[in-house]
Amino acid sequence: MEPSMDRLNYHHLLYFYLVAREGSIAKAGKLLRLSEPTISEQIKAFESALGHQLFVRAGRGLRLTEAGQAILPFAERIFTVGAELQDAVRNGRNERTVRLHVGVSGVVPKLIACKLLLPAMRETGARLFCSEDHTERLLAALAIHELDLVVADAPIGPGARIRAYNHVIGESGVTFFAAPGLHARLTAPFPRSLSEVPMLLPAPSTKLRAQLDAWLERQRVRPRIAGEFEDSALMKAFGEQGEGIFPGPTLIESDIQARYGVSVVGRTDRVRETFYAISTERRVTHPAVLAITRAAMVAAG
């Protein structure tokens, strides 16, 4: 295709942006209240004007081409700034609101996520938009720039389909907790006190679970597994009811004790939880993300 566009057609750009975000022309059509043929025609006109194909078929939906992936961040910035302009006019403010769209992996404890993200709000006044999902789906949203950041308990690997970068924003040992009634029944010193008692653990698919299993094996400790959880908050809720000893990050030990009314059974630094901010920027420039990474550097000393 030979490019023929002298100036940008923002209607074409909007159709492109919504199709990319929704993953199909049908879904974008519902948002725009336009027929599928109308949007298809406009997308083709946009491709002709740019001189590049922007989408290819992928199953029942569409996938961005390399050119489409290059254009999407610009489209997102343009429409984000437009939304900020509307906010500023509506609220009678001249300053620009910093927005941070964060995806939090479901295996990251909520108290940890809150602690790690607070600097973004407190230091920059950022308006925070948080969603929770499996890491793979969050990374897919990051790839098409629906998210600025993904908070996860594991770094993105070299075989990932998207180009993204890991920034360590927190690290912690592990503390074991028990409700008062269960804690009172423990007589042996830690970690032998964990043997033959009910224990609540993260799901087998999590990185933390693999570390805990290996550590328990090295200690020759055989707890009775009473429950396995993908949601750490649900695990703590069962622990609060005395259904088993459960692990949590030492970093938020006092918060867990205060919120769930539990006592510390013991601690280990041999099991380490590391938390990552995953972004598409190697060198962070987003002011709210910078606040998060700076706070992590200060905490690490």
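Here is a chat about how some labels in this predicted model are earned.

Me: What makes Phe229 and Phe238 an aromatic pair?

Reply: Their ring centres are 5.3 Å apart, and the cut-off for a pair is within 6.5 Å, so they count as one. By this rule the count comes to seven aromatic pairs.

Me: Why is that pair called tilted?

Reply: The planes of Phe229 and Phe238 meet at 40 degrees. Stacked needs under 30 degrees and edge-to-face needs over 60, so tilted is the label left.

Me: Are those two rings buried or exposed, and how do you know that?

Reply: Phe229 has a relative accessible area of 12%, and buried means under 20%, so Phe229 is buried. Phe238 has 37%, which falls between 20% and 50%, so Phe238 is partly exposed.

Me: Which residues do ring pairs link into a cluster?

Reply: Phe16, Phe46 and Phe55.

Me: What makes Arg209 and Asp213 a salt bridge?

Reply: Their closest N and O atoms are 2.9 Å apart, and the limit is within 4 Å, so the pair passes. Both residues lie in helix 8 (residues 207-218), four residues apart, which is about one turn of the helix.

Me: Why is Arg209 called buried?

Reply: Its relative accessibility is 6%, and anything under 20% gets that label, so Arg209 is buried. Asp213, at 36%, counts as partly exposed.

Me: What other residue forms a salt bridge with Arg209, and how do you know that?

Reply: That would be Glu228: the closest N and O atoms are 2.8 Å apart, and this is within 4 Å, so it counts. The pair links distant parts of the chain, with Glu228 in strand 8 and Arg209 in helix 8, 19 residues apart. Glu228 has a relative accessible area of 43%, so the label is partly exposed.

Me: How do you know that Asp231 and Lys110 form a salt bridge?

Reply: The closest N and O atoms are 3.5 Å apart, which is still within the 4 Å limit, so the label holds.

Me: What does that pair tie together?

Reply: Asp231 lies in the loop between strand 8 (224-229) and helix 9, while Lys110 lies in helix 5 (residues 110-124), so the pair ties together parts that are 121 residues apart in sequence. Asp231, at 30%, is partly exposed, and so is Lys110, at 34%. Lys110 and Asp231 also belong to a network of salt bridges with Glu132. The structure holds 10 salt bridges.

Me: Why is Lys236 said to have no salt bridge?

Reply: The nearest side chain of opposite charge is Asp231, and that is 7.2 Å away. A salt bridge has to be within 4 Å, so Lys236 misses out. Lys236 is buried all the same, and it is found in helix 9 (residues 232-240).

Me: Which residues is Lys236 in contact with, leaving aside neighbours within four places in sequence?

Reply: Pro109, Phe246, Ile256 and Tyr260.

Me: How many of the residues of the chain count as buried?

Reply: Of the 301 residues, 44% do. The chain has 11 helices and 10 strands, and its C-alpha trace spans about 80 × 45 × 35 Å along the principal axes.

Definitions and conventions:
Residues are numbered from 1 along each chain as its sequence is written. This is a predicted model: local features need pLDDT of at least 70, side-chain atom pairs count only at pLDDT 80 or more; totals for chains, interfaces and linings use all residues. Side-chain values use heavy atoms; hydrogens and water are left out. Rings of Phe, Tyr and Trp (its six-membered ring) pair if their centres lie within 6.5 Å; planes under 30 degrees apart count as stacked, over 60 as edge-to-face and the rest as tilted. Buried means under 20% relative accessible area, exposed over 50%, partly exposed in between (1.4 Å probe, protein chains only). Helices (H or I, at least four residues) and strands (E, at least two) are DSSP runs, numbered from the N terminus. Lys and Arg count as positive and Asp and Glu as negative; His and the chain ends are not counted. Contact means heavy atoms within 4.5 Å.
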